[in-house]
Amino acid sequence: MYMNSLTGLHGSYEILRLKSKRASMNEEDYREMRTDTIDQLKDLSMTLERIQSGDMSVFDQITTTRLAIRAAKEPPVLRLKLENLESDFRLKRVDEDVYKERKYEILLALQKLGDELRSEEDQFLRDHVSFSPDDLELVG
C-alpha cells in the first residue's frame, strides 16, 4: 500500500514536471515523452507489486542491472585510481610496498573486468604474482 502511494506521488511529480516543459516542446515530442513516462511508471508500479508479493526474481534482475552498469563504469574509474596512485608514488606520498600492492590490485581488477592491459601492466602482474589475497584490500 505504501509503495503504491509512493509510485502515485512519483508519477504525479513526473507528469507535472513534463507538463511544465510542454511550452518548450513540440506536440509530437511532448506526447512521446508523456507516453514513455506513463509506460515507465506502469513498469515501476508492476515491479513494486512484485516486490511486495515476495517475487525475488525482481531483486535478481535489479542486481544484474546494477552490476552491468557498475562494470561499464569501473574500468575508467580504476584507470583514474591507477593514475592517481602512480602520481602519489612519484611524489613520495605512498611508500613502495603500498604502491605495488595497490597497483597489483587495480591491474588485477581491470584484467578481470576484461579491460585490455598494456604490456608493461601485464608484466607487472606476472612479476608480482606472489601477492596473496590477504595482502590486498578490495578495490573500492
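This report describes the helical make-up, the nonpolar core and one helix packing of a predicted model.

The protein chain holds five helices and zero strands, and from the N terminus on its elements run α-α-α-α-α. Of the 140 residues in the protein chain, 24% are buried. When contacts between residues at least 6 apart in sequence are considered, 56% of them join residues at least 24 apart.

The largest nonpolar core has 13 residues, and those with the most contacts inside it are Leu78, Leu85, Ile106, Leu107, Leu110, Leu117 and Leu125. Three elements give two or more residues to this core, and they are set out in the following table.

| Element giving two or more residues to the core | Residue range |
|---|---|
| Helix H3 | 57-90 |
| Helix H4 | 96-112 |
| Helix H5 | 119-127 |

The largest share of this core comes from H4, which supplies six residues. Leu117, one of the core residues with the most contacts inside it, is in contact with Arg79, Leu107, Leu110, Gln111, Asp122 and Leu125 once its neighbours within four places in sequence are left aside.

H4 and H5 pack against each other at an angle of about 115°, their axes lying 10 Å apart, and H4 passes H5 in a left-handed crossing. On the H4 side the contact is made by Lys100, Lys103, Tyr104, Leu107, Leu108 and Gln111, while H5 brings Glu121, Asp122, Phe124 and Leu125. By character, the residues of this contact of H4 with H5 divide into five nonpolar, one polar and four charged.

Within H5, the residues Glu121, Phe124 and Leu125 are buried. These three lie on the same side of H5 because they cover an arc of only 100° around the axis. The face of H5 turned away from its buried side carries the exposed residues Ser119 and Arg126. Glu121, Phe124 and Leu125 also belong to the contact between H4 and H5, and Leu125 is in addition among the core residues with the most contacts inside the core.

A separate local feature concerns the backbone at Lys92, where phi is near 65°, a positive value in a residue other than glycine. Lys92 has its place in the loop between H3 and H4, and this residue is exposed, with a relative accessible area of 74%.

Definitions and conventions: Residues numbered from 1 in each chain as written. Predicted model: local features only at pLDDT ≥ 70, side-chain atom pairs only at ≥ 80, totals over all residues. Heavy atoms only, no water. Core = buried A, V, L, I, M, F, W, Y, C linked by side-chain atoms within 4.5 Å. Buried < 20%, exposed > 50% of the residue type's maximum accessible area, 1.4 Å probe, protein only. Helix = DSSP H or I, 4+ residues; strand = E, 2+ residues; numbered from the N terminus. Contact = heavy atoms within 4.5 Å. Axes fitted to C-alpha atoms, helices over the stretch in contact; angles between N-to-C directions. Left-handed = near helix turned anticlockwise from the far one by under 90°. Nonpolar A, V, L, I, M, F, W, Y, C, P; charged D, E, K, R; others polar. Arc of directions from axis to C-beta.
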